[in-house]
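Trainee: Before we rely on this predicted model, I would like to go through the reasoning behind the terms used for it. Could you show it to me first?

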Amino acid sequence: MKIEKVKKAIVPLSKRERKRYILFEILNAEVAEKDFYFGFWIDLLSFFGSKGLAEINPKVVLFKGNKAIVKCQRGKENDLIAGTAFIEKIRNKKIIINPVLTSGTIKTLKEYAKIE
Amino acid sequence: MDIVYTQPLKELLQVSTYFKEQLIVLVENEKDEKVAKTNDLIPCYLIKDSTPEADISKLNSKKKAVVGGSVKANELAVRLKADYLLQPSSTKQFFDLGLALKLSANNTTVVLCFEELLKANSFERHQVWKNYLELVRYCKQKKVKFIVASATKDPLLLRPPKVREALAVLLGLPNDLAKEYLQEVVKEK
């Protein structure tokens with residue numbers, strides 16, 4: 001049997017789901033990108049559960065130094081910020097995650113954080 | 001405004017100044033009060049069920065906080081006209097509309113101590129969170145102030161005001177009220 005590859009239809013820009021980007025600052029300890037992604041995910045999952053986290057749909061878009069840009073669904077940014085309160089440790093390093101700025105574009109956050 | 005326990009203040013101060021927030025320190029004796037005052041912080045006396053009446057009567061003109069969680073403790077906060085009622089709900093619910101009405105008349109602020117919530121296991125956290133949802137609903141109805149505070153001795157358990165504001169909103173408090181209550185400037189009595 002021959003499997004035919006079906007091209008996915010491209011969703012027009014105007015019909016795509018809206019998103020928000022949040023700039024986070026990691027205080028106290030230096031954390032590797034992988035550890036941050038894992039620690040971030042685990043603590044949010046324990047607080048919101050699978051359904052809640054799927055609705056928020058957070059994704060670490062960029063991680064540089066002690067700053068991270070996380071993408072989420074529009075309207076759920078408040079939930080994501082609240083959830084970061086429960087992230088106490090990553091790899092046994094005590095950290096504080098400080099939400100700095102929320103924006104609709106990465107560009108604004110990059111300019112604000114001076115990330116290239 | 002964030003509420004913390006007394007010692008060590010030096011590190012707590014460093015982190016809180018980074019977040020640009022006013023700190024209220026919970027003290028249990030005059031020595032701690034002096035330490036708080038020398039650091040330009042607002043002291044607030046922590047009163048428990050076990051605190052003797054003689055000691056309570058001395059604190060008439062000072063700021064008072066009561067740790068709730070039981071009917072007796074919640075009623076104590078009403079009787080003392082406490083400024084803050086910490087953790088009014090434990091795994092069981094002891095908060096009702098009648099109490100909210102009394103707290104509103106006394107201008108008492110209800111405080112969810114974040115550190116306590118973090119220490120609880122997931123089952124307890126679920127029960128406390130569920131009770132808090134109800135509590136915030138009562139607070140909204142009777143216009144009782146409700147804030148989320150770090151209430152910690154560990155500087156690394158301090159949470160930024162934005163995060164605590166988001167938690168209050170998640171619990172059901174309107175956005176503007178959550179912001180207003182947290183940004184309120186507290187003056188020493």
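Trainee: How many helices and strands does chain B have, and what makes a run count as one or the other?

Mentor: Chain B has nine helices and seven strands; a helix needs at least four residues in its DSSP run, and a strand at least two.

Trainee: Why does the radius of gyration of chain B agree with a compact globule?

Mentor: The rule multiplies 2.2 Å by the number of residues to the power 0.38; for 189 residues that gives a value near 16 Å, and because chain B has 15 Å, the two agree. The C-alpha trace of chain B spans about 40 × 40 × 30 Å along its principal axes, and 44% of the residues of chain B count as buried.

Trainee: What makes β1(B) and β2(B) a pair, and how do they run?

Mentor: Pairing requires at least two bridges, whereas four bridges join β1 (residues 2-5) of chain B to β2 (residues 23-27) of chain B, so the two strands pair, and they run parallel. Within this pair, V4(B) stands opposite V25(B). Between the two strands the chain passes through α1 (residues 9-18) of chain B, in a β-α-β crossover that is right-handed.

Trainee: How many residues does each chain give to the contact, and which element of chain A gives the most?

Mentor: Chain A gives 14 residues and chain B gives 13, counted with C-beta atoms within 7 Å. On the side of chain A, α2(A) gives the most, with four residues, and by class that side has six nonpolar, five polar and three charged residues.

Conventions:
Residues numbered from 1 in each chain as written. Chains lettered and ligands numbered in written order. Predicted model: local features only at pLDDT ≥ 70, side-chain atom pairs only at ≥ 80, totals over all residues. Buried ≥ 20, exposed ≤ 12 C-beta atoms within 10 Å, placed from the backbone. Contact = placed C-beta atoms within 7 Å. Nonpolar A, V, L, I, M, F, W, Y, C, P; charged D, E, K, R; others polar. Right-handed = clockwise from strand over helix to strand, strands pointing away.
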